[in-house]
Amino acid sequence: MVQLKTRRLLLREFTPDDYEAAHAYAGDPEVTRYMEWGPNTPEDTRIFLTRATERQHENPRLNYTLAIDHPDHGVIGGCGIYITSTQNRNASIGYCLNSHHWGKGYATEVAGKLIAYGFEALGMHRITATCDPRNTASWRVMEHNNMKREGHLREDKQLRGEWRDSYIYSILRHEYGPNGSDR
Ligand SMILES: CC(C)(COP(=O)(O)OP(=O)(O)OC[C@H]1O[C@@H](n2cnc3c(N)ncnc32)[C@H](O)[C@@H]1OP(=O)(O)O)[C@@H](O)C(=O)NCCC(=O)NCCS
């Protein structure tokens with residue numbers, strides 16, 4: 001079972017008991033505005049938790065979906081690192097926080113730890129993240145973690161009846177500094 005400590009947070013495996021906290025953010029349209037999923041129905045969140053817990057036992061494990069656990073507030077969001085190519089040692093990361101906890105630097109801390117885990121523990125060579133260009137907070141998180149913008153993909157996604165662009169960011173193993181691991 002994976003447990004990653006950041007300066008202020010614990011990234012840990014989801015359990016079915018996290019339903020209330022997970023649904024609080026995953027069911028919020030403000031939170032999922034730029035996401036490819038949501039806003040979740042209660043059933044969607046139950047399926048999400050079932051899938052996340054099943055994946056904890058997959059071997060080889062490619063999907064590390066983790067709860068963002070705050071010592072005072074409990075689960076304040078979700079995040080993950082997903083191996084997209086074992087052969088090329090490529091992974092992608094994602095993060096999502098309850099809106100009550102935005103703007104405190106938590107996502108920057110979370111992304112830094114996911115990147116550290118990807119390079120140090122999973123042996124990745126390249127880690128990517130994508131977001132809607134209008135999602136400034138998300139690409140600022142990537143840039144704070146030394147990820148480089150590789151491109152602007154035009155209308156690569158159709159979400160909720162609208163064509164959307166994406167920024168793609170990446171960081172390579174040799175660009176990853178030692179500070180990444182103590183976030
Ligand atoms: C994107 C998200 C994870 C950022 O989390 P966060 O913990 O608030 O981010 P941080 O506090 O680490 O801030 C990161 C940067 O974004 C900036 N930022 C935060 N909210 C912002 C907003 N609404 N508009 C513009 N910039 C914003 C911060 O100022 C900071 O940049 P700076 O240090 O240069 O000022 C959070 O807004 C969220 O969960 N959004 C909904 C889910 C989502 O979109 N996830 C990403 C999908 S790709």
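Q: What does α4 lie across in this predicted model, and how is α4 set against β5?
A: In this predicted model, α4 lies across β1, β2 (10–13), β3, β4 (74–85), β5, β6 and β8. Angles here run from 0 to 180 degrees between N-to-C directions, and α4 runs at about 155° to β5.

Q: What makes β5 and β6 a pair, and in which sense do they run?
A: Two strands pair if there are at least two bridges between them. Strand β5 (residues 90–97) and strand β6 (residues 126–131) have three, in the parallel sense. If you want a spot to look at, S92 stands opposite T128 in β6.

Q: Why is the crossover from β5 to β6 called β-α-β, and which hand does it have?
A: Follow the chain: it leaves β5, goes through helix α4 (residues 106–121) and arrives at β6. Right-handed means that, with the strands pointing away from you, the path over the helix runs clockwise, and this crossover is right-handed.

Q: How do you know that β6 also pairs with β8, and in which sense?
A: The cut-off is at least two bridges; β6 and strand β8 (residues 162–172) share six, in the antiparallel sense. Among the facing residues, C131 stands opposite Y167 in β8, while A129 has Y169 as its bridge partner.

Q: Why are β1 and β7 called edge strands of the sheet?
A: The open sheet has eight strands in the order β1-β2-β3-β4-β5-β6-β8-β7, with mixed pairing. β1 (3–5) and β7 (148–159) each have a single partner strand, so one side of each has no neighbour in the sheet. As for the twist, it averages 25° from one strand to the next.

Q: How does the span of α3 compare with the expected one?
A: Helix α3 (residues 42–55) has 14 residues, and at 1.5 Å a residue you'd expect 20 Å. From first C-alpha to last, α3 reaches 20 Å, close to that value.

Q: Which residues of α3 are buried, and what puts them on the same side?
A: Buried means under 20% relative accessible area, and in α3 the residues that qualify are T45, L49, A52 and T53. They cover an arc of only 95° around the axis, so they sit on the same side of α3. The buried residues of α3 pack against α1 (19–26) and β3 (63–70).

Q: Which strands does α5 lie across?
A: Helix α5 (residues 136–144) lies across β5, β6, β7 and β8, and runs at about 160° to β6.

Note on methods
Residues numbered from 1 in each chain as written. Predicted model: local features only at pLDDT ≥ 70, side-chain atom pairs only at ≥ 80, totals over all residues. Heavy atoms only, no water. Helix = DSSP H or I, 4+ residues; strand = E, 2+ residues; numbered from the N terminus. Expected span 1.5 Å × (residues − 1). Buried < 20%, exposed > 50% of the residue type's maximum accessible area, 1.4 Å probe, protein only. Arc of directions from axis to C-beta. Contact = heavy atoms within 4.5 Å.
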